[in-house]
Amino acid sequence: MRRKEHFDAVVVGAGPAGSTAALVMARAGLRVALLERGEYPGAKNVSGAVLYGTSFLERLLPGFRLSAPVERYITRRSIGFMSESALFSLDYKSSSADVPPNYGFTVLRPQFDRWLAQRAVEAGALLVPKTVVDGLIREKGAVKGVRSRREKGELYADVVVAADGVNSFLAREAGLRGEFSLQEMTLGIKEVIALDRQLLEERFQINGNEGVAYEFLGSVTGNVCGGGFLYTNRESLSIGIIFQLSSLLRERARPYELLDGLKNHPSILPLIRGGSVKEYSAHMIPEGGWKMFPKLYAPGLLVAGDAAGMVLAAGCYLQGINYAMVAGEAAARTVIAAAKDRDFSALSLARYETFLREQKLIQDFQRFQKAPEFFLNQRIQNVYPAMICRLAEQVFHAAGGPKEKIRDLAAAGMREAGVSWFQLLKDLIEGGRSIGW
Ligand SMILES: Cc1cc2nc3c(=O)[nH]c(=O)nc-3n(C[C@H](O)[C@H](O)[C@H](O)COP(=O)(O)OP(=O)(O)OC[C@H]3O[C@@H](n4cnc5c(N)ncnc54)[C@H](O)[C@@H]3O)c2cc1C
């Protein structure tokens with residue numbers, strides 16, 4: 001890199017947020033550098049992953065389905081409550097006339113991120129992989145570029161977009177955010193298990209490009225607050241567990257032992273049997289929602305995606321990739337407008353919030369602002385799922401003999417779990433409020 005090389009914008013991180021930002025700015029004719037620490041975009045990136053953003057992608061890249069590395073389109077979603085020996089599921093299966101259906105699709109991040117970054121390159125962005133950005137260059141209180149670990153690695157720009165993921169050293173260096181707290185952070189661990197395609201489709205009762213997303217709560221994480229997932233890819237399964245960090249540390253649990261527990265659960269083992277693990281990964285997720293949003297801009301700097309805590313974790317939602325892309329686009333529109341005015345001050349970059357509101361990102365996070373606290377709670381993630389499962393076991397038990405009233409069984413289960421009717425009612429009301437009922 002040449003010293004004093006100057007770009008209209010430098011984007012740090014070629015994840016969904018960064019590549020989208022680079023793509024939109026390059027299309028508008030700006031000179032954009034997209035810096036990525038990995039060997040290639042996506043090399044180190046981890047998600048489940050179901051991508052819930054078909055209409056956004058269709059608008060950003062019309063006809064994206066023809067070239068995007070889509071694994072499978074979700075046609076069935078299931079939320080399972082687990083005890084050690086049983087699974088009670090709420091199951092939704094669509095025979096929607098949508099072709100393909102709009103319930104999200106599974107992706108493998110190394111392929112998807114690489115594909116998306118390539119779209120930015122085609123639009124004219126300069127992708128520089130294997131480049132770790134170490135810090136910001138600041139002059140007179142404004143960000144003027146970044147310092148990378150490369151020799152003579154200073155790169156100057158009118159604006160820097162920090163799309164460097166959950167740890168975002170850049171947003172922290174700029175004083176926009178501090179460390180996220182352990183209550184707000186979760187750790188996700190995941191395996192990709194290769195499985196013969198025909199076997200996979202038979203086991204999950206799917207055809208063609210249909211896919212399944214299972215999510216689990218209950219005994220799967222022991223006493224640790226968290227849940228599990230199992231998603232179908234074309235010829236593999238993604239299986240993982242997500243834990244609240246503070247709870248994981250308190251319980252001194254070993255993440256991989258818990259993942260083994262999920263894999264060996266009697267309802268899961270038959271689904272993955274015969275598969276071979278081809279990938280392990282672990283990554284943090286900022287799940288605090290609206291309350292953990294930092295200030296999103298400073299003179300010459302915008303923060304997007306996980307770097308700004310833009311993950312919506314609210315019961316049946318765990319969505320971050322789609323919001324990262326929406327934020328990347330909003331950041332790009334902000335820079336394009338600022339470049340027209342030649343004004344990169346905080347006041348000019350404040351338009352970012354307007355663009356985020358136009359795409360309803362801020363409204364989503366505000367609407368669900370109480371959800372993270374409510375759902376990242378042991379009663380919700382462990383106690384109730386175990387109770388539901390136990391109740392189902394008792395109701396379906398049919399060895400003969402007198403039947404008990406379901407209400408009595410439920411009351412006994414609640415006593416056993418130490419939950420009062422008052423607490424249950426309170427949780428129902430708070431749960432409803434937290435998801436904007
Ligand atoms: C186990 C797990 C399961 C998940 N499941 C889902 C799901 O099913 N659906 C969903 O929507 N979301 C899911 N998420 C959340 C989702 O992964 C994130 O919200 C999303 O990846 C955020 O995108 P991003 O571009 O902001 O950040 P990232 O994807 O983290 O990208 C940041 C990029 O910046 C690069 N980078 C970081 N620091 C530097 C540096 N100093 N210099 C240069 N480059 C740097 C990184 O290498 C990376 O490429 C899951 C997360 C985990 C961990």
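Okay, let's start with helix α1, residues 16-27, and how it sits against α9: their axes come within 7 Å and cross at roughly 35 degrees. This is a predicted model, by the way, so keep that in mind throughout. The crossing of α1 past α9 is right-handed. Who's touching whom here? On the α1 side you've got P16, A17, G18, T20, A21, V24 and M25. On the α9 side, the residues in the contact include I321, A324, M325, A327, G328 and E329, and then further along A331, A332, R333, V335 and I336. If you sort the residues of that α1 and α9 contact by type, you get 13 nonpolar, 3 polar and 2 charged.

Now stay on α9, which covers residues 321-341, and look at its meeting with α11, residues 351-358. Here the axes come within 9 Å, and the crossing angle is roughly 135 degrees. So α9 and α11 are oblique to each other. The crossing of α9 past α11 is right-handed. From α9, the residues involved are A327, A330, A331, R333, T334 and A337, and they meet R351, Y352, F355 and L356 of α11. By type, the α9 and α11 contact splits into 7 nonpolar, 1 polar and 2 charged. If some of those α9 names sound familiar, A327, A331 and R333 are on the list for α11, and A327, A331 and R333 were on the list for α1 as well.

Next helix: α16, residues 421-434. Its 14 residues, at 1.5 Å a residue, should span 20 Å, and the end C-alpha atoms are indeed 20 Å apart, so the two agree. How many of the 14 residues in α16 are buried? The count is 1, so to speak a helix that's hardly covered. After α16 comes G436, and its phi is positive, near 70 degrees.

Let's move to the loops, where a few backbone oddities turn up. As background, most residues other than glycine have a negative phi, and most peptide bonds are trans. With that in mind, take the bond between G48 and A49: it's a cis peptide bond, with omega about 5 degrees. You'll find A49 in the loop between β2, at 32-35, and β3, at 50-51.

Then there are two lysines. K140 isn't a glycine, yet its phi is positive, near 45 degrees. It's in the loop linking β8 (133-139) and β9 (142-148). Is K140 buried or exposed? It has 6 C-beta neighbours inside 10 Å, so it counts as exposed. K152 also has a positive phi, near 50 degrees, and it belongs to the loop between β9 and β10, the latter at 154-162. K152 has 11 C-beta neighbours inside 10 Å, and since 12 or fewer counts as exposed, K152 is exposed.

One last loop residue, V70. It's located between α2 (54-60) and β4 (72-82). Why do we call V70 buried? Because 23 other C-beta atoms lie within 10 Å of V70, and the cut-off for buried is 20 or more. Leaving aside residues up to four places away in sequence, V70 touches R65, F105 and V107. And for a sense of distance, V70 and P101 are 31 residues apart in sequence, with their C-alpha atoms 13 Å apart in space.

Technical notes. Residues numbered from 1 in each chain as written. Predicted model: local features only at pLDDT ≥ 70, side-chain atom pairs only at ≥ 80, totals over all residues. Axes fitted to C-alpha atoms, helices over the stretch in contact; angles between N-to-C directions. Helix = DSSP H or I, 4+ residues; strand = E, 2+ residues; numbered from the N terminus. Parallel < 35°, antiparallel > 145°, perpendicular 65-115°, else oblique. Left-handed = near helix turned anticlockwise from the far one by under 90°. Contact = placed C-beta atoms within 7 Å. Nonpolar A, V, L, I, M, F, W, Y, C, P; charged D, E, K, R; others polar. Expected span 1.5 Å × (residues − 1).
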